[in-house]
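Student: I am new to this model and should like to understand how its descriptive terms are justified. May we go through some of them together?

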Amino acid sequence: AVVSTQSTGVVTGSEDGLVKLWDLSSSKVLHEFTQHDAGITDIQFHPCELLLATSSADKTVKFWDLETFDLVSTTTPQAKPIRKVVYSPEGEALFSGAEDSLRVYGWEPARVYDSLCLFWGKVSDLAVQSGQLMGASYQHTNVSVWVVD
């Protein structure tokens, strides 16, 4: 299971592709997002808007409006499953890490701003700090840390 929290709620994602938005005060499910076709790999709240990004083993990222619960957009499937996503600090773009690439997305409509072939193995984390994107990955017995300006 994948869990992401914000002060107003918790979102969970599961192996069956189901994403649930939970109300913390009542401990009840507010909404279920059902349009992924494979397990959820990551969930990120937008830093400034009521927008949620979910990535999946179905090789897509989906963007959800948290006011209306509507699907805003879906990316074109990548060649490999997307393992991690992270918004830029100001929220103008979303970075995604798959086994073979790093992509930078916009969402209204879904579009790729930039794409890099990295073949960096299994991405286990992405973070943006001091204007740099950092990624950690592993493959067999090797661990790699990547920094992109």
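Student: What makes the sheet of the order 5-6-7-8 an open one, and which sense of pairing does it have?

Tutor: In this predicted model, four strands form the sheet in that order, with antiparallel pairing. Strand 5 (40-45) and strand 8 stand at the edges and each has a single partner strand, so one side of each lacks a neighbour in the sheet. Neighbouring strands are turned by 20° against each other on average, direction ignored.

Student: How do you know that strand 5 and strand 6 pair?

Tutor: Pairing requires at least two bridges between the strands. Strand 5 and strand 6 are joined over five bridges in the antiparallel sense, so the requirement of at least two is met. As one example, Gln44 has Ala53 in strand 6 as its bridge partner.

Student: Why is Thr60 called buried?

Tutor: The term buried applies under 20% relative accessible area. Thr60 has 6% relative accessibility, and therefore counts as buried. Thr60 is placed in the loop between strand 6 and strand 7. Leaving aside residues up to four places away in sequence, Thr60 touches His36, Thr54, Ser55, Thr74, Thr75, Pro77 and Ile82.

Student: What makes the pair of Thr60 and Asp58 a polar contact?

Tutor: The cut-off for such a pair of N or O atoms is 3.5 Å. The side chains of Thr60 and Asp58 make their polar contact at 2.6 Å, which therefore falls within the cut-off.

Student: Why is Lys59 called partly exposed?

Tutor: Partly exposed covers what lies between the limits of 20% and 50%. Lys59 has a relative accessible area of 30%, so the term partly exposed applies. Lys59 belongs to the loop between strand 6 (51-56) and strand 7 (61-65).

Student: What is notable about the phi of Lys59?

Tutor: Most residues other than glycine have a negative phi. Lys59 is not a glycine, yet its phi is positive, at about 75°.

Student: Where does Phe69 lie, and is Phe69 buried or partly exposed?

Tutor: Phe69 lies in the loop between strand 7 and strand 8 (71-74). The relative accessible area of Phe69 is 25%, so Phe69 is partly exposed. Phe69 also has a positive phi, of about 65°, although it is not a glycine.

Student: Which kind of peptide bond joins Glu108 and Pro109?

Tutor: Most peptide bonds are trans. The bond that joins Glu108 and Pro109 is cis, with omega about -5°. Pro109 is found in the loop between strand 11 (101-107) and strand 12 (110-117).

Terms used: Residues are numbered from 1 along each chain as its sequence is written. This is a predicted model: local features need pLDDT of at least 70, side-chain atom pairs count only at pLDDT 80 or more; totals for chains, interfaces and linings use all residues. Side-chain values use heavy atoms; hydrogens and water are left out. Helices (H or I, at least four residues) and strands (E, at least two) are DSSP runs, numbered from the N terminus. Buried means under 20% relative accessible area, exposed over 50%, partly exposed in between (1.4 Å probe, protein chains only). A polar contact is a pair of N or O atoms within 3.5 Å; within protein, one must be able to donate a hydrogen and the other to accept it, and residues adjacent in sequence count only if both atoms are side-chain atoms. Contact means heavy atoms within 4.5 Å. Axes are lines fitted to C-alpha atoms, for helices over the stretch in contact, and angles run from 0 to 180 degrees between N-to-C directions.
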